[in-house]
Amino acid sequence: MLKEMLLNFFLILIPLYFYPFILKSDSLRKRQVFLGIICGLISIVCMKFPIVAGEGFIWDFRWIAFLISILFGGAIGGGFTGIILVLFRFSLGSLLSSLNVLIVAIALFVFFLPKYKKFQFEMSSRKLFLSMIYSAVTFVFVILAIAFQFWYEGNLIVFSQVGAFVLTLMGLSYLVAMSAFCLITENMNSFYKLREAFHQAEKSNVLHELSALMSYDIKNSLSNMKEKLYAGQKETNPNGILDDLAHIEDVIDKYSEYRRSQLNMEEELNIHTEINEVMKLLLPYSKTKRVQLNFTITPGLMIYGDRLKFKQAILNIIKNAIDVTPRGGEVLIKAEDAKKDVVIRIKDKGLGLSQEQLREIKYFLNHLHGNTVGRGLLVTLKLLEAMEGNIQFDSEIGKGTEVTVKLRKHDKNSVTENVKWKFRKDAAAGSK
């Protein structure tokens, strides 16, 4: 019996092997059909290798496969699995048993289908809890159907001799199988969401990064050329060159301003909500690094800015803190009110930065170039600049680093005035 139970258990986990291929499909309908067919085939194999307990009492995990197809595949997934399951049972013969399977399939489909949409939007812990409850409900449906068939055939005494141990074992096996599938699925979902979030953030910011880097490099070169030409002006006067360079620099400034305006999707942001979403994205990554994330956020903190830029900047900082923190360590995130600003502090317990490294970072923040500072910091700084924020580093060797981000607190009146001022400015520029 144990051998057949383990076989059924591992059969239930087979859809997980196809999960990456299911997610690759852009069509929800195709994903549901694919899941429904896989679960239907699994239910057939489960029926081919049943678990035998005593005389005449046979059971398997076909109904767990059916439950999975409904909760994760909706009406289409559950429909395909149900049709495959029922048709195969009719092909085996025994009209009474086949009708019994048909009735149970219809009952489970009608009972669980309304719960499909809500189940999809539940938190992982809630999904795990519900999967245990739903597997217990499925077990009750199946036991009642089996008991009815034994009664109808006049073999109720045989059913009563099965014993509480076998029934308990059957119920627990349903619960364990469904819980394991749900738990592994949610972990896989978290991983794929994290990976997709990184890809989307990179794609969304690629134009902003390129324009920022291009503007920085060209403006730096132009500034050097202007200095040399100004120095040479004492002896000769290059007609119009300085004016042309000034015009080019102005064009670059306008292009950068245009790109910022195109990428800006400013709105009211709740700090707790946004950071909590970033933490969810980074949680699987921190677990792989064995770094604990702890955060404390004052309720009600609001800023006005671009959601994607804010999340990308905070994600960059926290991810860097995770990378430098040793295994078993922790990263502390704290957000608090500071009069007109919202202050966010990210503290790691890594090796820390030397005074020379801190000076290099400070020089970089003031001049936007340096030898030891990477492109990631430039991107983060540009994202914060676009939201009129700033960043500060404090560190000590052996004690870690604390990064402080300051952003202007949301004020509806100040936002309205800024919009009006910008409109008047643009109107005045257009009238020239």
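# A tour from the nonpolar patch to the paired strands

Begin by selecting Phe90, Leu95, Leu99, Leu102, Ile106 and Val110, which together make a nonpolar surface patch of about 520 Å². Patches of this kind consist of residues with over 30% relative accessible area and no salt bridge, nonpolar side chains (Val, Leu, Ile, Met, Phe, Trp, Tyr) being joined within 5 Å, and the areas come from the Shrake-Rupley method with a 1.4 Å probe, only the protein chains shown counting as cover for residues. The model is predicted, so that local features need pLDDT of at least 70 and side-chain atom pairs count only at pLDDT 80 or more, while totals for chains, interfaces and linings use all residues. Residues are numbered from 1 along each chain as its sequence is written, and side-chain values use heavy atoms, with hydrogens and water left out.

Colour helix α5 (residues 95-112) next, since this helix gives the most to the nonpolar patch, with five residues; helices (H or I, at least four residues) and strands (E, at least two) are DSSP runs, numbered from the N terminus. Leu102 lies in helix α5 and, at 30% relative accessibility, counts as partly exposed, where buried means under 20% relative accessible area, exposed over 50%, and partly exposed in between (1.4 Å probe, protein chains only).

## Salt bridges

Now show the charged side chains; a salt bridge is a side-chain nitrogen of Lys or Arg within 4 Å of a carboxyl oxygen of Asp or Glu, and by this rule the count comes to 12. Select Glu122 and Arg126, whose side chains meet in a salt bridge at 3.9 Å, N to O; Arg126 is partly exposed, with a relative accessible area of 37%. Then select Lys127 and Glu186, which form a salt bridge with their closest N and O atoms 3.2 Å apart. This pair links distant parts of the chain, Lys127 being in helix α7 (residues 124-152) and Glu186 in helix α9 (residues 164-232), 59 residues apart. Both Lys127 and Glu186 are buried.

A further stop is the pair Lys311 and Glu277, whose side chains meet in a salt bridge at 2.2 Å, N to O. Here too distant parts of the chain are linked, with Lys311 in helix α12 and Glu277 in helix α11, 34 residues apart. Lys311 is buried, with a relative accessible area of 18%, whereas Glu277, at 31% relative accessibility, counts as partly exposed. Add Glu274 and Arg307 to the selection, and salt bridges that share partners join Glu274, Glu277, Arg307 and Lys311 into one network.

## Helix α12 and its surroundings

Stay with helix α12 (residues 307-324), which has 18 residues and reaches 26 Å from its first C-alpha to its last; this is close to the 26 Å expected at 1.5 Å a residue, the expected span being 1.5 Å times one less than the number of residues. Its buried residues include Phe310, Ala313, Ile314, Ile317, Ile318 and Ala321. An α-helix has 3.6 residues a turn, so residues three or four places apart point the same way.

Which residue caps the N-terminal end of α12? Asp306 does, through a side-chain oxygen that lies 2.9 Å from the backbone nitrogen of Leu308. Asp306 also stands in β5, opposite Glu266. Strand β5 (residues 302-306) is mostly covered, four of its five residues being buried, and five bridges join it to strand β3 (residues 266-270) in an antiparallel arrangement; two strands pair if DSSP finds at least two bridges between them.

From Ala313, move to Leu383 in helix α14 (residues 375-386). The C-alpha atoms of Leu383 and Ala313 are separated by 6.2 Å, although the two are 70 residues apart along the chain. Leu383 is buried, with a relative accessible area of 0%.

## Positive phi and the paired strands

Most residues other than glycine have a negative phi. Select Arg290, in the loop between α11 (271-289) and β4 (292-297), where phi is near 60°, a positive value; at 58% relative accessibility, Arg290 counts as exposed.

Lys339, in the loop between β6 (330-338) and β7 (341-347), likewise has a positive phi near 60°, and this residue sits in a hairpin with two residues between the strands. At 75% relative accessibility, Lys339 counts as exposed.

Finish by displaying the strands on either side of this loop: β6 and β7 pair in the antiparallel sense over seven bridges, with Asp337 opposite Val342 in β7. Seven bridges also join β7 to strand β9 (residues 400-408), again antiparallel, and here Ile346 stands opposite Val403 in β9.

Notes
Polar contact = N/O pair within 3.5 Å; in protein donor to acceptor, adjacent residues only side chain to side chain. Patch = residues over 30% accessible without salt bridge, like charges linked within 9 Å, V, L, I, M, F, W, Y side chains within 5 Å.
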